[in-house]
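Trainee: I would be grateful for a close look at a single part of this model. Please take one loop residue as the point of departure and then follow its surroundings outward into the helices.

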Amino acid sequence: MSADPRLTSAMLVGALRRRVAAVGGFVTILAKGDEISGIILLQLLEKGQETGLLERVPNFAGGYALMRCGPSPEEGPEALDQYIARRRRSDPDLWLIELDVPEGERFAAETIC
């Protein structure tokens with residue numbers, strides 16, 4: 001029995017970049033991960049202000065969801081930098097994407113989940 005085909009991480013990031021650009025938002029790939037199955041972390045901003053960090057994770061329904069992770073924006077940029085550095089050390093195949101678009105969480109969920 002073969003597994004259902006899945007989109008690669010690189011394809012998902014590419015789709016997100018195109019969709020964000022189409023609505024006038026900004027996407028920056030801060031760290032490129034494994035093309036096939038790298039975990040995707042999204043650093044959300046709205047008009048340049050940090051709004052949180054999300055990770056694309058499998059859900060119980062067999063699909064994917066976005067889960068908040070890492071320190072809250074109120075903890076400051078140093079806490080976020082330390083968290084990201086720890087994650088990158090433990091998983092160098094991790095994608096880190098900065099996303100600056102209104103309603104970034106909803107937008108990302110519609111695109112990559």
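Mentor: Apart from neighbours within four places in sequence, Lys32 is in contact with Arg88, Leu94 and Trp95. These contacts belong to a predicted model, and they should be read in that light. Lys32 itself is located in the loop that joins strand E1 (26-31) to strand E2 (40-46). Its relative accessibility is 54%, and Lys32 is therefore classed as exposed, given that the cut-off for exposed is over 50%. Along the chain, Lys32 and Asp93 are 61 residues apart, yet their C-alpha atoms are separated by 7.5 Å. Within its own loop, the side chain of Lys32 forms a polar contact of 2.9 Å with the side chain of Glu35.

Glu35 and Trp95 lead to the next residue, Ser9. Setting aside residues up to four places away in sequence, Ser9 touches Asp34, Glu35, Ile36, Ser37, Gly38, Ile40 and Trp95. Glu35 is thus a partner of Ser9 and also of the Lys32 side chain, while Trp95 is in contact with Lys32 and with Ser9. Ser9 is part of helix H1. At 5% relative accessibility, Ser9 counts as buried, whereas Lys32, at 54%, counts as exposed.

Helix H1 can now be considered as a unit. H1 comprises 14 residues and reaches 20 Å from its first C-alpha to its last, close to the 20 Å expected at 1.5 Å a residue. Its buried residues are Ser9, Leu12, Val13, Gly14, Leu16 and Val20. The elements that cover them include E1, E2, E3, E5 and H3. After H1 comes Gly24, which has a positive phi near 85°. Arg19 offers a further link to helix H3: the charged end of Arg19 sits over the ring of Phe107, 4.3 Å from its centre.

Phe107 is one of the buried residues of H3 (residues 104-112), together with Gly104, Ala108, Thr111 and Ile112. Around the axis they cover an arc of only 100°, so they lie on the same side of H3. The packing partners of these buried residues are helix H1 (9-22), E2, E3, E4 and E5. The packing between H1 and H3 is therefore recorded from both directions, since H3 is among the elements covering the buried residues of H1 and H1 is among those against which the buried residues of H3 pack.

Arg88, another contact of Lys32, directs attention to helix H2 (residues 77-90). For its 14 residues a span of 20 Å is expected at 1.5 Å a residue, and the end C-alpha atoms are 20 Å apart, which agrees. Leu80, Tyr83, Ile84 and Arg87 are the buried residues of H2. Viewed down the axis of H2, these residues fall within an arc of 95°, and therefore line one face of the helix. The face turned away from that buried side carries the exposed residues Glu78, Asp81, Gln82 and Arg89. On the buried side, the packing is against E2, strand E3 (49-58), strand E4 (64-69) and strand E5 (95-100).

Gln43, in strand E2, shows the packing of H2 against the strands at the level of a single residue. With a relative accessible area of 9%, Gln43 is buried. Its contacts, leaving aside neighbours within four places in sequence, are Leu30, Glu50, Gly52, Leu53, Leu80, Ile84, Leu96, Ile97, Glu98 and Leu99. Among them, Leu80 and Ile84 belong to the buried residues of H2.

Two loop residues merit attention for their backbone angles. Lys47 has a positive phi, near 55°, in a residue other than glycine. Lys47 is located in the loop between E2 and E3, and at 77% relative accessibility it counts as exposed. Glu103, likewise not a glycine, has a positive phi of about 55°. Glu103 lies in the loop between E5 and H3, and its relative accessibility of 49% places it in the partly exposed class.

Two remarks on aromatic rings complete the account. The structure holds zero aromatic pairs. Charges over rings do occur, however: besides Arg19 over Phe107, Arg56 lies over the face of Tyr64, at 3.6 Å from the ring centre.

Terms used. Residues numbered from 1 in each chain as written. Predicted model: local features only at pLDDT ≥ 70, side-chain atom pairs only at ≥ 80, totals over all residues. Heavy atoms only, no water. Helix = DSSP H or I, 4+ residues; strand = E, 2+ residues; numbered from the N terminus. Buried < 20%, exposed > 50% of the residue type's maximum accessible area, 1.4 Å probe, protein only. Contact = heavy atoms within 4.5 Å. Polar contact = N/O pair within 3.5 Å; in protein donor to acceptor, adjacent residues only side chain to side chain. Expected span 1.5 Å × (residues − 1). Arc of directions from axis to C-beta. Phe/Tyr/Trp six-rings, centres within 6.5 Å; stacked < 30°, edge-to-face > 60°. Lys NZ or Arg CZ within 6 Å of the ring centre and 35° of its normal.
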